[in-house]
Amino acid sequence: MSFKYKFLLKMFKVLKMQKIMALPPEKSQKLFRKAYKGVVIPNMSDAELDIETAQVADSTVVWYKHKKENRRLCFYLVGGGMLKYPKPRQAKGLIKLAKQCNIDFVLPYYPLVLTGHTLPDTYEMLYELYKKALEKYKPKNIYFLGGSSGGNLALGLISHINAKGEKLPMPGKIYASSPGTLLLTEEERRKAEVLDKTDVIMSQKGTLVVWEGMTGGREVPDYMKYLQLGDYTGLRDVYLSFGGDEVFTAAAESIKAALEKYDVKVTLEIGAGMYHSYAAMPLVKEAEEGYQHMCEYISGANERDVL
């Protein structure tokens, strides 16, 4: 383990991240509200990209479009339990990712609990944005990339599309990095008890309070809470990645089995000794391989059916 990784793990423990993530919703929201500045989009420009801001379903989105026509689009869904908008560095980082993967991107500043919204509002906003994307891109050429609660949204949106009953075509593929979900079975909870001791960010208790905050304590469809109970009819391809030391890994095999029940091709990567959402957040060199796998999957350089 690199010195930087050891230092990172120590800092998470010193900062008591597990306890912070397990704070009651009203306390965690108070903490995030202190730093809340609304939608902050940095000045961005690039010789290869047209970067545009628009409004979809009363929410801000940023489009990163190649000046040379590109026929593929990837949604980038940030995590954070609906407590924060994408940070300026994340918005700027998509310039590099769009060029590296040779794909257009869209970054939604989806509704937050800090603005009085709950999880169903976010699903509805993303549903409208997906319909907007279908006006220009073929469904098989639309991808989703999400980490943590963003990974939950990416996978859960498939069930939401099916539940809406408007028969929208499904996106081509999804990359979900440590997708958040509630634990469903006793076996999952037993696994999570062990992982509670190695996860420096989340805990079983943390998963429960995060969902309470995202839903406002209101009842929501099961597919929004349990990815293991989703309806993935029509979806073709998913790449799941989890850190080997994180609590959400307890549900990895169950989510994989749920997807495969609907004949989805699933790749499951569990990074030994890695932290929550490591592939989408390569903070140390140990995470770089996972990040590279993510980029290769999104770029689809060897695919022949993208045009």
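**A tour from a buried serine to the core**

Start by selecting S277, which counts as buried, with a relative accessibility of 3%. You are looking at a predicted model, so please keep that in mind at every stop. S277 sits in the loop between β8 (265-271) and α11 (288-299). Check its backbone: phi is positive, about 55°, although S277 is not a glycine.

**Next stop: D58**

Now select D58, in the loop that links β1 (49-56) to β2 (59-66). Here too the residue is something other than glycine and phi is positive, near 65°. Is D58 buried or exposed? D58 is exposed, at a relative accessible area of 78%.

**The cysteines**

Select C74, C101 and C295 together and show their sulfurs. How many disulfides does the structure hold? The count is zero. For C74, the closest cysteine sulfur belongs to C101 and lies 7.6 Å away, which is too far for a bond. C101 is in no disulfide either, and its nearest cysteine sulfur, in C295, is at 4.5 Å. That pair misses out because a disulfide requires the two sulfur atoms to be within 2.5 Å. While you are here, colour by accessibility: C74 is buried at 0%, and C101 is buried at 3%.

**A buried glutamate**

Move on to E188 in helix α7 (residues 186-195). E188 is buried, yet it has no salt bridge. Which side chain of opposite charge is nearest to E188? That is R189, 6.2 Å away. The cut-off for a salt bridge is 4 Å, so this pair does not qualify. What you can draw instead is a polar contact of 3.0 Å between the side chains of E188 and Q228. Show the surroundings as sticks as well: setting aside residues up to four places away in sequence, E188 touches L182, L183, Q228, A250, A251 and S254.

**Last stop: the core**

Finish with the largest nonpolar core, which has 103 residues. To find your way in, select F75, F105, L155, L259 and I298, the residues with the most contacts inside this core. Then highlight helix α5 (residues 119-134), which supplies the core's largest share, eight residues. In soluble globular proteins, nonpolar side chains tend to be buried together.

Zoom in on L155 to end the tour. Apart from neighbours within four places in sequence, L155 is in contact with I174, A176, P179, L227, Y232, V238, L240, I255 and L259. L259 is one of the residues you have just selected.

Notes:
Residues are numbered from 1 along each chain as its sequence is written. This is a predicted model: local features need pLDDT of at least 70, side-chain atom pairs count only at pLDDT 80 or more; totals for chains, interfaces and linings use all residues. Side-chain values use heavy atoms; hydrogens and water are left out. Helices (H or I, at least four residues) and strands (E, at least two) are DSSP runs, numbered from the N terminus. Buried means under 20% relative accessible area, exposed over 50%, partly exposed in between (1.4 Å probe, protein chains only). Lys and Arg count as positive and Asp and Glu as negative; His and the chain ends are not counted. A polar contact is a pair of N or O atoms within 3.5 Å; within protein, one must be able to donate a hydrogen and the other to accept it, and residues adjacent in sequence count only if both atoms are side-chain atoms. Contact means heavy atoms within 4.5 Å. A nonpolar core is a set of buried Ala, Val, Leu, Ile, Met, Phe, Trp, Tyr and Cys residues joined through side-chain atoms within 4.5 Å.
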